[in-house]
Amino acid sequence: MAAAALLFAAGCSSSPQKAEQPKTGPIPKITDASQIQPLPLDAYTLNQQQYLDTLNAQRVLARRCMTPYGIDWHGSDVVDPAPVGQKLATLFLIVDENRAAQYGYHSPDDHSKDGKKSSTGNDPTPVEKSVFNGTYKGPEINGHSVPKGGCNAVVEAELTKGGAAGVGIFDAANVMLGPYQQSKSDSRVEDAFGAWSTCMKAKGYAYKSPNDAVNDPAWRSPQPSPTETATARADVACKQQTNVVGIWWAVLTAYENRYIDQHAEDLTKVKRQVDATLRNSASILARGG
């Protein structure tokens with residue numbers, strides 16, 4: 001899948017300028033990850049299942065395009081992690097008591113994947129790659145010439161037909177870090193972190209913020225220790241007591257809504273591109289390979 005163009009550079013600034021803090025709506029009481037509602041920018045992104053459907057449609061198109069050249073294409077079988085939505089279960093760090101008791105600050109995910117690409121072992125040859133990406137300079141293959149941009153361009157055109165030219169389906173996901181970082185430095189969230197820190201201190205743990213607890217170097221062992229799980233359980237209990245997650249969610253929602261208001265025209269194009277890609281993917285998968 002082609003890399004997305006980053007349209008909204010202001011949203012990804014690593015040191016966003018202090019601006020007036022946006023007003024929040026009602027602040028929910030959140031004590032469990034299942035209570036966390038979707039965030040505003042999620043409407044402009046793919047969720048995990050939609051991303052997988054899009055990848056599968058891409059594979060169907062890629063093999064269909066490569067077959068006339070006598071190539072059994074598996075280059076698109078590679079699993080390539082991409083920004084898809086906002087993982088509500090981990091966005092506000094550790095939230096659930098059961099997870100804290102079982103995993104501490106470790107991830108329950110399969111660590112064997114390690115967030116890296118994996119393939120089927122059928123790695124394409126240099127010639128096959130050149131046909132796919134459009135760099136092939138040789139004669140016709142099986143009586144077929146390679147189109148401009150190769151099969152990759154054909155795939156992209158089919159997937160995004162009816163969308164918005166020059167817009168990437170991951171553009172919104174690429175800018176989510178901006179509002180998120182702003183929310184962490186918002187005075188209301190900082191006050192919530194302070195209340196959390198006071199709660200943790202009363203339990204015997206000295207951390208200024210939940211981020212400090214998560215990133216404690218003591219948790220770098222392969223498996224969570226009893227000390228780690230005890231700390232994580234205290235962390236969750238203090239989040240519940242001070243409603244850190246509810247406050248943080250409300251503040252982040254306000255920053256994302258402001259971002260959407262400021263970039264409405266661009267985000268409308270992103271939404272059009274996302275909707276077209278999902279519509280085309282569904283049609284491609286319904287027809288099959």
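Visitor: Which side chain meets Asp-275 in a salt bridge?
Guide: This model is predicted. Side chains of opposite charge can pair when their charged atoms come close. For Asp-275, the N to O distance in the salt bridge is 3.2 Å. The partner is Lys-271.

Visitor: What separates Asp-275 and Lys-271 along helix H12?
Guide: Helix H12 covers residues 264–287. Asp-275 and Lys-271 are four residues apart in H12, so the separation is about one helical turn.

Visitor: Is Lys-271 buried, exposed or partly exposed?
Guide: Buried means under 20% relative accessible area, and exposed means over 50%. Asp-275 has 30%, so Asp-275 is partly exposed. Lys-271 has 31% relative accessibility, so Lys-271 also counts as partly exposed.

Visitor: How many salt bridges does the structure hold?
Guide: One of them joins the side chains of Glu-158 and Lys-161, at 3.8 Å from N to O. Glu-158 counts as partly exposed, at 29% relative accessibility. In the structure as a whole, the number of salt bridges is five.

Visitor: Which side chain meets Arg-63 in a salt bridge, and where does that partner lie?
Guide: The N to O distance is 2.4 Å, and the partner is Asp-77. Arg-63 sits in helix H1, and the two residues are 14 apart, so the pair links distant parts of the chain. Asp-77 lies in the loop between H1 and helix H2.

Visitor: Is Asp-77 buried or exposed?
Guide: Arg-63 has 30% relative accessibility and counts as partly exposed. For Asp-77 the value is 13%. The cut-off for buried is under 20%, so Asp-77 counts as buried.

Visitor: How many disulfides does a search of the whole structure find?
Guide: One joins Cys-65 to Cys-151, with S to S at 2.0 Å. Another is formed by Cys-199 and Cys-238, whose sulfur atoms are 2.1 Å apart. The search of the whole structure finds two.

Visitor: How many residues apart in sequence are the parts that Cys-65 and Cys-151 tie together?
Guide: Cys-65 lies in helix H1, residues 48–66. Cys-151 lies in helix H5, residues 150–159. The pair therefore ties together parts whose separation in sequence is 86 residues.

Visitor: What is the relative accessible area of Cys-151?
Guide: Its partner Cys-65 is buried, with a relative accessible area of 15%. Cys-151 is buried too, and its value is 0%.

Visitor: Is the disulfide of Cys-199 and Cys-238 left-handed or right-handed?
Guide: Cys-199 lies in helix H8 and Cys-238 in helix H10, so this disulfide ties together parts 39 residues apart in sequence. The torsion about its S-S bond is about -80 degrees. The disulfide is therefore left-handed.

Visitor: What is the pairing when the bonded cysteines are numbered in sequence order?
Guide: Cys-65 is joined to Cys-151, and Cys-199 to Cys-238. Numbered in sequence order, the pairing is 1-2, 3-4.

Visitor: How far apart are the end C-alpha atoms of H10?
Guide: H10 has 17 residues. At 1.5 Å a residue, the helix should span 24 Å. The distance between its end C-alpha atoms agrees: 24 Å.

Visitor: What covers the buried residues of H10?
Guide: The buried residues of H10 include Thr-231, Ala-234, Val-236 and Cys-238. Cys-238 has a relative accessible area of 0%. The cover includes helix H3, H8, helix H9 and helix H11.

Visitor: Which residue follows H10?
Guide: Its phi is positive, near 55 degrees. The residue is Asn-243.

Note on methods. Residues numbered from 1 in each chain as written. Predicted model: local features only at pLDDT ≥ 70, side-chain atom pairs only at ≥ 80, totals over all residues. Heavy atoms only, no water. Disulfide = S-S within 2.5 Å. Buried < 20%, exposed > 50% of the residue type's maximum accessible area, 1.4 Å probe, protein only. Salt bridge = Lys/Arg side-chain N within 4 Å of Asp/Glu carboxyl O. Expected span 1.5 Å × (residues − 1). Contact = heavy atoms within 4.5 Å.
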